[in-house]
Amino acid sequence: MASSDKSPVPTPAKGNDPTPPGEPMKMGQHFIDKSAMMVQSLKPIKQISQHVCSFAIYSHDMSRQIETHHYCSRLNQEFLQCAVYDSDQNHARLVGVEYIVSDDIFETLPPEEQKLWHSHAYEIKSGLLVTPRVPEMIAMPELENLAKTYGKFWCTWQVDRGDKLPLGAPSLMMSPQGVSPGLVRPDMLHERDVKYNISSESIKSSRLEIEEPEMINPMADYWKQHGKGFAIDFVETEMKVKAPFP
């Protein structure tokens, strides 16, 4: 069993309480943090321009699904990078990172790399991916762009299994699809919709005109064609003392 497929043995870092172990922040630490915010630029963080909420499925165990909150910044028209949290609250935990590329860039990747990526067309068209509190009319141009993109999402903190700290190997995540086992659980979808006072079904109807790619590359969403997922295993190895590249 690969490392990302193992549930760590019971430790103080596991349990039902989602709060990481540690003492509450003291007044002095608050002062230090606020002072740093006043003098540091935090330029990369300030480039985050959008929040999208969706769902993700573990590549190595597609019975496990999580709600995700992506906070994304765009480096250019064809590349986005997203910090992924488990909620949109101030105590949200950073659970991973997703990189998003255009279909043109995806087609330049070697097949072995393409296996690690997933498509976004179904996620957009089905109303699963939403932009909380942003009217659909305003979000539509970006949704049309995202429908023709591919993403690679690494989860570094498996909060759904009770991990109070990031434990073990990262896990590759897949996007929901319209066939089992890629279907989002109805209870999760309902809970999300109630939280934001939205209807995914109504949103789906409003997105009928969004164009999909002429063809979704069959190397993406690898499990759909091959019934296989991916997991990471840690292997002890000799350290290199000389870089194999310039």
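The following legends describe close-up views of the cysteines and the two largest pockets in a predicted model.

**View 1. The disulfide between Cys72 and Cys82.**
The model contains one disulfide. The sulfur atoms of Cys72 and Cys82 are 2.2 Å apart, which places the pair within the 2.5 Å cut-off for a disulfide. Cys72 belongs to strand E2 (residues 65-76) and Cys82 to strand E3 (residues 79-85), and the two cysteines are ten residues apart. The torsion about the S-S bond of this pair is about 105 degrees, so the disulfide is right-handed. Both Cys72 and Cys82 are buried.

**View 2. Cys53, a cysteine in no disulfide.**
The nearest cysteine sulfur to Cys53 is that of Cys72, at a distance of 12 Å. Because a disulfide requires two cysteine sulfur atoms within 2.5 Å, Cys53 is not counted in one. Cys53 has a relative accessible area of 0% and is therefore buried.

**View 3. Cys155, a cysteine in no disulfide.**
For Cys155, the nearest cysteine sulfur belongs to Cys82 and is 15 Å away. With a relative accessible area of 0%, Cys155 is buried.

**View 4. The largest pocket and its lining.**
This pocket has a volume of about 450 Å³. Its lining comprises 19 residues, of which Ile45, Ile48, Tyr71, Ala83 and Tyr85 are the closest to the centre. Helix H2 (43-46) and strands E2 and E3 each give two or more residues to the lining. E2 and E3 are also the strands that carry the disulfide partners Cys72 and Cys82, respectively. By residue class, the lining of the largest pocket divides into twelve nonpolar, five polar and two charged residues.

**View 5. The second largest pocket and its lining.**
The volume of the second largest pocket is about 370 Å³. A set of 14 residues lines this pocket, and those closest to its centre are Ile66, Glu67, Asp86, Val159 and Met188. Strand E2 and helix H7 (186-196) each supply at least two residues of the lining. The largest share, four residues, comes from H7. The lining of the second largest pocket consists of four nonpolar, two polar and eight charged residues.

Note on methods:
Residues are numbered from 1 along each chain as its sequence is written. This is a predicted model: local features need pLDDT of at least 70, side-chain atom pairs count only at pLDDT 80 or more; totals for chains, interfaces and linings use all residues. Side-chain values use heavy atoms; hydrogens and water are left out. Buried means under 20% relative accessible area, exposed over 50%, partly exposed in between (1.4 Å probe, protein chains only). On a 1 Å grid over the protein atoms alone, a cavity is a set of points where a 1.4 Å probe fits but cannot get out, and a pocket is an open set with protein on both sides within 12 Å along at least five of seven lines; lining residues have an atom within 4 Å of a point. Grid points are joined across faces, edges and corners, and a volume is the space filled by probe spheres set on the points. Ala, Val, Leu, Ile, Met, Phe, Trp, Tyr, Cys and Pro count as nonpolar, Asp, Glu, Lys and Arg as charged, and the others, Gly among them, as polar.
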